[in-house]
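Good morning, everyone. Today I would like to walk through one ligand site, step by step. Please have the structure open as we proceed.

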Amino acid sequence: MFETSSFDRPRTTSGDLVVDGGRPPYPAAARSVTVPGDKSVSHRALLAAMLPGAPSRLTVRNANLGGAVRALLPAMRTLGFRTTVAADTLTVEHGGPVTPQPKRPHPDITRWPDGVPYLETGGSSAAARLLIGVLAGLGRTAVVDGDETLRHRPMSWLAEPLTRLGADIVHLGDAGRLPVLVRGAVHRPCTVELTVGSAQARSGVLLAAVAAGLPVTVRHPVRSRDHTERMLAAFGATLTESPGEVRYDGGPVTVPPVVDVPADPSLAAYPVAAQLLAGDGGELSVRNVCLNPTRLGFFDVLRRAGADIRYRDMRLGSSGESAGTIAVRGGTKGVDGVRVDDPATLHALIDEVPLLAAVATTLPGPSWIGCAEELRFKETDRLTTTAGMAAAFGARIEVADDGLLVSGGAPLSAGHVPSYEDHRIAMAAATLATCLPGRTTVSGGACHRTSFPDFAEVQRAVGARITEVTPR
Ligand code: S3P
């Protein structure tokens with residue numbers, strides 16, 4: 001059964017999401033929606049502006065403008081880039097004025113290195129890890145830091161392989177954590193062995209290697225999202241993949257002046273889930289979504305379990321990604337439960353675990369989401385917080401060391417639900433609430449802005465009644 005932890009106490013520092021659930025009294029306003037650009041591709045496209053071979057001005061179109069991607073912008077300005085945001089287009093230019101960031105105090109650090117740029121990446125682990133990789137490749141000295149939650153998340157996954165490649169990375173606070181001082185370039189061509197499936201760790205190493213023009217072989221336990229490989233290959237890098245490893249030959253890349261980002265499949269999952277939970281027989285399509293197979297686990301698992309979800313109109317875009325439409329018809333009738341029991345599938349839905357668990361609580365049979373030990377190291381311990389969120393609706397979920405066992409068939413009811421200030425938990429809770437009669441308040445739910453600023457608008461367009469309120 002769900003066990004209590006320090007995550008039990010919801011912190012409501014931002015607004016709440018209020019959902020009036022049950023069958024919508026009016027038909028869905030839209031049968032076709034779009035969601036923001038992919039967060040992972042946006043991070044990588046932005047950082048491509050720092051690679052040798054980048055144009056003096058790089059435009060990233062359809063970028064994700066949530067807090068996690070914006071977290072990179074002050075760091076890039078500190079490094080001398082000019083950044084502009086207009087609608088969903090981000091522009092990065094070389095040669096802007098250097099705008100230093102104020103250092104944030106750390107309890108264990110009394111003396112910071114003098115005159116070194118201080119780069120704050122908020123709560124975004126992708127921003128921090130990928131940036132550390134690029135800096136270590138370029139040999140640029142800087143301190144990379146993050147907010148309180150990010151200072152608790154592991155950086156050794158990346159710092160250790162970079163150190164093997166010859167980088168000099170010093171953890172200034174706790175061992176293996178932020179802040180880190182990056183001060184020496186990778187220069188030793190060799191094979192590094194990653195111990196975790198984290199795509200951020202693998203990507204940080206590859207970006208370092210490409211920035212340095214250093215041949216490397218990266219061995220990995222799981223082939224998690226491969227956006228970095230696809231993007232670098234689209235920019236002309238020679239990468240050779242074989243089972244369990246990717247090899248880069250040290251050759252140059254040419255970054256094009258414009259990179260188009262397809263929509264984020266992790267965000268498409270919310271309107272698709274709302275449609276499945278409403279089960280009103282109509283069809284909903286989400287357009288121009290990144291259809292990279294390493295990201296489609298949520299849809300594939302539900303398809304295998306019997307849901308009517310299809311991919312169509314696939315085409316290749318400038319970031320090396322294919323994009324197309326995800327269409328869903330009907331609900332979850334006939335779906336008894338879902339199962340995830342291999343690491344590749346888990347990584348293909350790593351950010352959708354709270355949502356998949358939320359959908360599973362509405363199914364009649366048991367569900368198992370396994371191989372998920374890395375979920376303990378997300379913005380929150382997401383095994384515990386997913387169970388806490390679902391338990392607040394009355395669901396029965398057991399937390400195992402490496403996964404979640406959802407009993408299924410438990411009566412669920414609307415009510416007061418914690419988000420733990422974790423965007424994925426907040427959006428999963430608000431989506432589940434759309435099918436439960438009565439009012440649900442997801443406390444701190446406004447944290448959805450980290451990855452999906454217009455979450456409420458998109459869910460309203462598919463018939464949900466969601467509003468954001470600021471608690472008094
Ligand atoms: C990401 C990889 C995943 C994912 C995160 C974004 C990326 O994290 O959960 O939202 O952009 O590479 P891990 O690399 O820690 O698994």
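Let us begin with Arg44: in this predicted model, a polar atom of its side chain lies 2.6 Å from an oxygen atom of the ligand. Ser198 also uses its side chain, where an N or O atom is 2.7 Å from a ligand oxygen. With Ala199 it is the backbone that takes part: a polar backbone atom there is 3.0 Å from an oxygen atom of the ligand. As for accessible area, the ligand on its own has 380 Å², and the protein covers 96% of it.

Where does the ligand sit? It is found in the largest pocket.

Let us now turn to the surrounding residues. Among those around the ligand are Lys39, Ser40, Arg129, Gln200, Arg225, Ile350, Asp351, Glu374 and Lys378. Which classes of residue make up this shell? Seven of its residues are charged, three are polar and two are nonpolar.

We may also ask which helix gives the most to the shell. That is α1, with three residues. The helices α1, spanning residues 39–48, and α6, spanning 199–212, each supply at least two shell residues.

Finally, let us consider the annotation. An unreviewed UniProt entry records a domain, "Enolpyruvate transferase", over residues 32–457. In the model, that span is 30% helix and 23% strand, and the C-alpha atoms at its two ends lie 13 Å apart.

To close, I would ask you to return to Arg44, whose side chain has a polar atom 2.6 Å from a ligand oxygen, and to find the contacts from there. Thank you.

Key. Residues numbered from 1 in each chain as written. Predicted model: local features only at pLDDT ≥ 70, side-chain atom pairs only at ≥ 80, totals over all residues. Heavy atoms only, no water. UniProt positions renumbered as here; feature names shortened; annotations may be inferred. Helix = DSSP H or I, 4+ residues; strand = E, 2+ residues; numbered from the N terminus. Near = heavy atom within 4 Å. Polar contact = N/O pair within 3.5 Å; in protein donor to acceptor, adjacent residues only side chain to side chain. Areas by Shrake-Rupley, 256 points an atom, 1.4 Å probe, with all protein chains shown as cover. 1 Å grid on protein atoms, 1.4 Å probe; cavity = no way out; pocket = protein on both sides within 12 Å on 5 of 7 lines; lining within 4 Å. Sits in = over half its atoms within 2 Å of the grid points. Nonpolar A, V, L, I, M, F, W, Y, C, P; charged D, E, K, R; others polar.
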